[in-house]
Amino acid sequence: MRAARVLLRPVGLAGIGLLVLVVLVAAFGPILWDGRATVVDTDHLLAGPSADHWIGTDNLGRDLFFRVLVATRLSIVLALAATAISIVLGVVLGAAPMLAGRRVGRVITWAVNVLVAFPGLLLVLFFAVIFGVGARGAALAVGLAGAPGFARLCHTLVAGVSERDYVAAARIAGVGRFRVLFRHVLPNVAEPLIVNATMAAGSVLLSFAGLSFLGLGVQAPSYDWGRLMQDGLNGIYIHPLAALAPGLAVILAGLAFNLTGEALAGAFGIGDVATVRTALGQATATELTAPVPGAVLSVDDLRVTLPGVHQPVHAVRGVTFAIKDGEAVGVVGESGSGKSMTALAVADLIEQPARVEANHLVFAGEDLTVPGDPESRRKHLGTSLAIVFQDPMTSFNPAHRIGPQLAEVSRAHQGLRRRAALARAVDRLRAVRIREPERRARQYPFQFSGGMRQRAMIGMGLMGTPRLIIADEPTTSLDVTVQSQVLALLAEVRRDTGAALLLISHDVSVVTDVCDRVLVMYAGRIVEELPAADLRTLARHPYTKALVAAVPDMETDLDRPLAVIPGVPIDPPHVPIGCAFAARCPLADDHCRAVDPPLLADAAGNRVACHKAAPHSVTSKVTA
Amino acid sequence: MSVLSFRDVRVRYGSHTVLKDVSLEIGDGEVVGLVGESGSGKSTMARAAVGLAPVTGGEILLDGRPIPRRGPVRPVQMVFQDPYSSLDPRMTVGESVAEAMPGRPGKQARRAEITRLLTLVHLDPSRADDLPGRLSGGQRQRVALARALAARPEVIIADEITSSLDVSVQGAVLNLVRDMQRELGLSMLFISHNLAVVRYVAGRVAVMYGGEIVEQGPAAQVLGAPRHEYTRHLLAAVPGTIPTVKEPT
């Protein structure tokens with residue numbers, strides 16, 4: 001479906017249309033017009049364009065227009081033959097290292113790399129001399145010269161797929177190398193290879209024209225476009241069309257290959273296909289509301305909509321919460337629950353084409369939903385908001401040293417000079433307990449371990465004076481020991497700076513350890529809010545209870561199976577009408593499936609969105 | 001079922017020794033949990049056992065004999081961490097499972113075996129014709145488990161098989177692992193960095209640190225009364241409650 005749509009875009013239509021035309025002419029040209037292309041008209045030697053001969057005749061009085069048409073077949077066949085040689089050799093050489101084992105493979109890779117470094121034209125001329133002048137020699141020469149490039153591409157692709165676990169699994173299962181290659185590897189690298197081959201055919205066509213033009217390719221009496229160009233060149237000042245027409249043919253055929261390749265790339269999902277996404281639909285009306293007093297962050301009815309393939313995806317569907325100064329709030333939920341999207345929206349990091357709406361989204365006195373001066377907005381967020389992401393490898397620029405990356409914050413937002421900013425960066429690295437901060441500041445991100453990168457990331461947040469730290473799964477990729485160090489550091493930073501914390505995590509135990517309050521999210525909504533200390537004991541929403549029960553801890557009863565939540569999480573594009581959890585809920589009835597329960601607060605300020613949640617007779621919030 | 005023994009196994013990449021003469025025994029029908037931080041050599045143990053890592057010293061034996069690395073019978077199978085990388089996106093669930101079957105079963109037998117295995121891992125057998133793209137992470141991990149079982153293994157190596165799953169799905173996969181171990185009597189090396197998960201499935205636990213096993217013993221003992229400094233350190237870092245381990249029955 002999608003492939004067809006992409007191919008039917010203008011580029012695809014033009015490319016395929018041209019290609020069909022070229023192929024038809026190549027197939028039928030010689031049959032239809034060979035006679036007219038070879039008939040010698042001695043009355044019109046080297047004639048210019050006329051009604052009889054549209055672009056003139058050559059030195060034997062043969063009609064050049066038909067000669068260009070008839071030359072299509074030889075030009076295309078030779079180009080395709082050479083491309084085929086390149087591909088076959090390239091795939092064999094590219095796949096060989098995988099089959100041949102470590103040592104031989106390394107030699108092959110090394111040889112290919114050396115050959116790739118040679119200029120292509122030099123290789124062509126070299127081979128042309130070896131194989132002799134003529135069409136066959138030229139085809140071999142161009143084909144061989146193109147092989148190293150393909151081998152390199154193929155090798156890279158094969159190496160990428162070979163590292164996938166399914167290849168390892170097949171090996172472990174006893175599947176032979178050749179079968180692994182043909183069954184798992186080649187099918188998974190075929191798409192980019194085909195796309196590249198199509199585009200390569202275009203440039204091979206050009207190389208061929210060049211060789212024939214230089215007299216190294218097709219020899220008389222055969223003729224291709226390059227040969228015709230050479231013949232026409234002598235008279236270029238008198239009959240320019242004689243040389244230009246075959247040139248034009250080369251361009252058209254080359255375009256046909258390249259545009260088709262481009263379209264194929266799009267169809268296989270390599271290129272940019274964002275234009276097939278759907279529009280977001282109408283924005284819903286928002287009413288301005290006042291922020292919760294005393295809150296560093298106050299969010300009312302936050303909605304995040306992303307463009308989807310078939311319909312817009314409502315990733316966050318009306319989330320309301322507030323974080324008081326210095327408070328730690330956790331957000332738990334499964335993937336697709338909208339917890340990360342909520343965090344990104346709060347940090348003003350969601351960009352077009354996604355849409356963020358809210359009645360208000362006030363952070364430290366400034367409503368982020370109201371368009372403001374982007375410069376002062378950046379400064380505001382840059383100095384008072386700190387963010388720690390899950391993957392510390394991607395949150396730093398790998399090409400820059402750590403110190404200057406931290407210093408950048410102070411230079412951009414606080415107007416510090418380079419030296420002063422760098423000094424502050426070193427100081428902040430020391431503050432997050434990185435040993436030898438002067439030396440570490442001069443290192444690159446890859447020289448830091450995962451835990452140290454997270455520390456440095458927290459340090460970057462401390463370049464300003466953060467009032468809120470957003471941490472999105474900050475310890476998920478870390479070991480338990482490193483995790484506890486990073487969490488301790490976060491606690492220490494909060495104690496020193498008084499910053500509030502919004503901690504997103506799938507790990508219930510981490511959240512209960514660190515946070516004061518917990519928001520439980522499901523399918524883009526908050527389904528329950530309660531004190532973190534009560535999460536295991538006083539949760540009222542069936543989803544919260546199930547989530548807590550499903551996670552084994554060091555106390556879990558080993559004799560009983562773990563509680564499981566039946567069914568699968570909601571697919572964000574397909575949220576049902578009623579309660580989103582109804583399909584997996586043991587308590588759900590028809591009312592639940594028809595009416596989405598509102599999120600209601602009790603006297604203690606705990607909130608739950610469930611028709612079946614019984615109110616607590618005794619509220620647990622006396623201490624809070 | 002059988003006994004898998006690592007005897008003074010050493011794995012070296014260049015000048016870097018990843019496994020330093022490690023010895024570990026996975027008894028008949030036993031689940032041994034392997035814990036430790038990343039880089040401690042846990043995954044290298046797994047990869048060495050299935051022949052994906054070069055063993056430069058010592059030996060890995062199955063019932064006292066070298067593990068066959070050629071031919072159709074592969075008694076040691078592995079399930080990988082990332083369910084999105086462990087299934088070929090172009091092969092149906094059924095094809096992936098069938099690929100691991102020893103010998104060349106006929107069409108009918110193949111079909112029956114796929115149905116049996118998918119049912120065993122609590123997957124609807126009608127999913128056999130689906131491509132992995134239509135499955136969730138938990139479902140993919142079940143397929144990966146079914147594929148490992150298709151080879152009729154004597155030992156299964158599970159390398160962080162629940163780490164990339166959502167918590168609600170993790171529970172289901174852990175239950176499945178316990179069920180299968182009980183029903184099929186599988187011997188298993190269960191690798192995880194999550195101590196609570198290891199505690200739940202493993203009878204014995206080994207703790208790795210810096211390419212060595214620093215402590216091993218019954219789960220209740222290692223996790224309840226750790227003797228090695230590093231194990232204590234590891235347990236203290238577990239978020240949540242103060243660790244206590246009840247006696248498994």
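Let's start where this predicted model is least settled: over residues 270-276 of chain A the pLDDT (the predictor's confidence in each residue, from 0 to 100) stays under 50, and the stretch has 13 contacts (heavy atoms within 4.5 Å) beyond four places in sequence. Residues 617-624 of chain A also have a pLDDT below 50, with seven contacts beyond near neighbours in sequence. Where pLDDT is low, the predicted coordinates should not be read in detail. Chain A as a whole averages a pLDDT of 85, and 94% of its residues score at least 70.

A few notes on reading: residues are numbered from 1 along each chain as its sequence is written. Local features need pLDDT of at least 70, and side-chain atom pairs count only at pLDDT 80 or more.

Now look at two helices of chain A (helices are DSSP runs of H or I, at least four residues; strands are runs of E, at least two). The axes of α6 (residues 135-162) of chain A and α8 (residues 177-213) of chain A come within 10 Å and cross at roughly 150 degrees, with axes fitted to C-alpha atoms over the stretch in contact and angles running from 0 to 180 degrees between N-to-C directions. That makes α6(A) roughly antiparallel to α8(A), a term for angles over 145 degrees.

In chain B, six strands form an open, mixed sheet in the order β6-β7-β8-β3-β9-β10. Its edge strands, β6 (76-79) and β10 (212-218) of chain B, each pair on one side only; pairing takes at least two DSSP bridges. Four bridges join β6(B) to the parallel strand β7 (residues 155-159) of chain B, where Met78(B) stands opposite Ile157(B).

Technical notes:
Chains are lettered from A and ligands numbered from 1 in the order in which they are written. Side-chain values use heavy atoms; hydrogens and water are left out. Angles under 35 degrees count as roughly parallel, over 145 as roughly antiparallel, 65 to 115 as roughly perpendicular and the rest as oblique.
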